[in-house]
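Got the viewer open? Let's take a walk through this one, stop by stop, with something to select at each.

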Amino acid sequence: MAFRRRTKSYPLFSQEFVIHNHADIGFCLVLCVLIGLMFEVTAKTAFLFILPQYNVSVPTADGETVHYHYGPKDLVTVLFYIFITIILHAVVQEYILDKISKRLHLSKVKHSKFNESGQLVVFHLSSVIWCFYVVVTEGYLTNPRSLWEDYPHVYLPFQVKFFYLCQLAYWLHALPELYFQKVRKEEIPRQLQYICLYLVHVAGAYLLNLSRLGLVLLLLQYSTEFLFHTARLCYFADENNEKLFNAWAAAFGVTRLFILTLAVLAIGFGLARVENQAFDPEKGNFNTLLCRLCVLLLVCAAQAWLMWRFIHSQLRHWREHWSEQSAKRRVPAAPRLAARLVKRESGYHENGVVKAENGTSTRTKKLKSP
């Protein structure tokens with residue numbers, strides 16, 4: 001990022017300077033933290049930024065394994081990975097999306113949506129692969145009861161905690177990116193809605209020790225979102241290509257059903273049968289009737305809101321499609337006139353008399369006798 005060519009120079013620390021060089025500023029901050037690892041005096045502080053904190057040795061049948069729990073120091077780690085995400089965002093934007101959008105010649109509105117979908121396709125694809133790997137290796141798919149058994153799940157494996165820290169870093173970095181990318185004012189409310197929705201769900205699953213259930217739900221949600229943004233990119237490349245939208249519409253409804261069923265099964269029935277039902281924040285136990293109702297209400301309200309927006313957009317799309325089809329049917333085809341060949345004498349007509357091009361009559365003049 002530091003070797004990009006600059007066509008314009010801006011005053012130092014001005015608004016335009018920060019916008020056009022925010023990735024380089026983040027790269028310098030990350031580099032300072034990495035340099036801090038080289039010195040013994042600053043190494044301990046640098047490790048707070050890079051590695052997850054609050055590690056605990058948990059005895060197992062095979063020996064001891066290192067697990068982690070959350071705490072205030074996680075905010076420092078999330079801040080470091082926010083700068084990492086900003087750098088990766090700029091790399092994808094400059095070296096991939098900008099080169100593709102130049103060839104497509106998109107309008108300003110489509111260009112903004114193309115950049116948004118391009119960034120989210122990369123993020124959702126990497127998150128789906130990573131999340132699926134974690135869910136399979138930890139055995140959450142083969143043993144669904146592990147989603148609520150032995151609650152609270154205070155101690156997390158390294159890959160689970162690191163996954164949640166990176167998820168929080170990405171969605172927090174999306175807030176300043178609205179300013180850095182100069183997103184249009186009309187698009188900001190819509191993007192803020194889904195950014196805040198993801199932040200609430202990811203942070204809620206992490207802080208309420210529902211990390212196992214949150215992983216499975218994120219896997220379902222990210223898979224559907226990846227399909228949607230891929231379909232939108234294909235549509236920008238070829239406006240006649242809408243087959244992926246039909247596949248996404250079918251997957252969207254099925255995903256909402258699976259998320260609601262799994263949330264009710266794990267929270268409404270699974271956690272309700274766990275013996276420890278006392279509210280104890282120090283031990284990470286939030287398994288009470290009020291907390292379960294609040295979590296279920298949040299999940300159900302979010303899914304209902306997403307489904308309502310989906311139905312509303314589909315109805316609007318169908319109305320526009322049928323209005324275009326009806327408009328094409330109403331316009332009558334222009335009748336074709338038979339071409340008639342008209343033989344005309346040389347010159348032009350004036351008052352029924354054929355005139356020559358120089359204005360004289362075409363009839364032969366009688367010569368007067370001398």
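Start with the salt bridges: this structure, which is a predicted model, holds 6 of them. Select Asp74 and Lys161 and show their side chains; they meet in a salt bridge, with N and O 3.1 Å apart. Asp74 sits in helix α3 (residues 74-104) and Lys161 in helix α5, so this pair ties together parts of the chain that are 87 residues apart in sequence. Are these two buried or exposed? Both Asp74 and Lys161 are buried.

Next, pick Arg232 and Glu116. Here is another salt bridge, and its closest N and O atoms are 3.4 Å apart. Again distant parts of the chain are linked: Arg232 belongs to helix α7 (residues 211-237), Glu116 to helix α4 (residues 108-138), and 116 residues separate them. Arg232 and Glu116 are both buried.

Now add Glu187 and Arg190 to your selection. Their salt bridge has its closest N and O atoms 2.5 Å apart. Colour by accessibility if you can: Glu187 is buried because its relative accessible area is 9%, under the 20% cut-off. Arg190, at 24%, counts as partly exposed. Want to see how these pieces join up? Select Glu116, Arg184, Glu186, Glu187, Arg190 and Arg232 together, and you have a network of salt bridges.

Time to zoom out. Switch to cartoon view and look for 9 helices and 4 strands. Going along the sequence, the pattern reads α-α-β-β-α-α-α-α-α-α-α-β-β. The chain has 370 residues, and 37% of them are buried.

With the cartoon still on, try colouring the stretches that the unreviewed UniProt entry annotates as "transmembrane region": residues 78-97, 118-142, 162-180, 192-209, 247-269 and 289-311. Select 162-180 by itself: this span is 100% helix, and its end C-alpha atoms are 26 Å apart. Then try 192-209, which is 89% helix with no strand (0%), and has its end C-alpha atoms 26 Å apart.

Let's head inside. Which residues have the most contacts within the largest nonpolar core? They are Tyr164, Trp171 and Leu215, in a core of 58 residues. Helix α5 (residues 158-180) gives the most to this core, with 11 residues. Apart from this core lies another one, of 6 residues, including Trp248, Ala249, Leu306 and Phe310.

Click on Trp171 and show what surrounds it. Setting aside neighbours within four places in sequence, Trp171 touches Leu120, Phe123, His124, Tyr194, Ile195, Tyr198, Leu199 and Tyr222.

Now jump to Ala302, in helix α9 (residues 289-330). Ala302 is buried, with a relative accessible area of 6%. What does Ala302 contact beyond its neighbours within four places in sequence? Leu197 and His201. Draw a distance line from Ala302 to Leu197: the two are 105 residues apart in sequence, yet 8.0 Å apart in space, C-alpha to C-alpha.

Last stop: the outside. Turn on the surface, which has an accessible area of about 24100 Å², with 64% belonging to carbon and sulfur atoms. Select Phe27, Leu31, Leu34, Ile35, Leu37, Met38, Phe39, Phe47 and Leu51; together they form a nonpolar surface patch with about 820 Å² of accessible area. Helix α1 (residues 15-36) supplies the largest share of this patch, 4 residues. Leu31 lies in helix α1, and is partly exposed, with a relative accessible area of 39%.

Conventions. Residues are numbered from 1 along each chain as its sequence is written. This is a predicted model: local features need pLDDT of at least 70, side-chain atom pairs count only at pLDDT 80 or more; totals for chains, interfaces and linings use all residues. Side-chain values use heavy atoms; hydrogens and water are left out. UniProt positions are given in the numbering used here, feature names are shortened, and annotations may be inferred rather than shown by experiment. Helices (H or I, at least four residues) and strands (E, at least two) are DSSP runs, numbered from the N terminus. Patches are made of residues with over 30% relative accessible area and no salt bridge: like charges are joined within 9 Å, nonpolar side chains (Val, Leu, Ile, Met, Phe, Trp, Tyr) within 5 Å. Accessible areas come from the Shrake-Rupley method with a 1.4 Å probe; for residues, only the protein chains shown count as cover. A salt bridge is a side-chain nitrogen of Lys or Arg within 4 Å of a carboxyl oxygen of Asp or Glu. Buried means under 20% relative accessible area, exposed over 50%, partly exposed in between (1.4 Å probe, protein chains only). Contact means heavy atoms within 4.5 Å. A nonpolar core is a set of buried Ala, Val, Leu, Ile, Met, Phe, Trp, Tyr and Cys residues joined through side-chain atoms within 4.5 Å.
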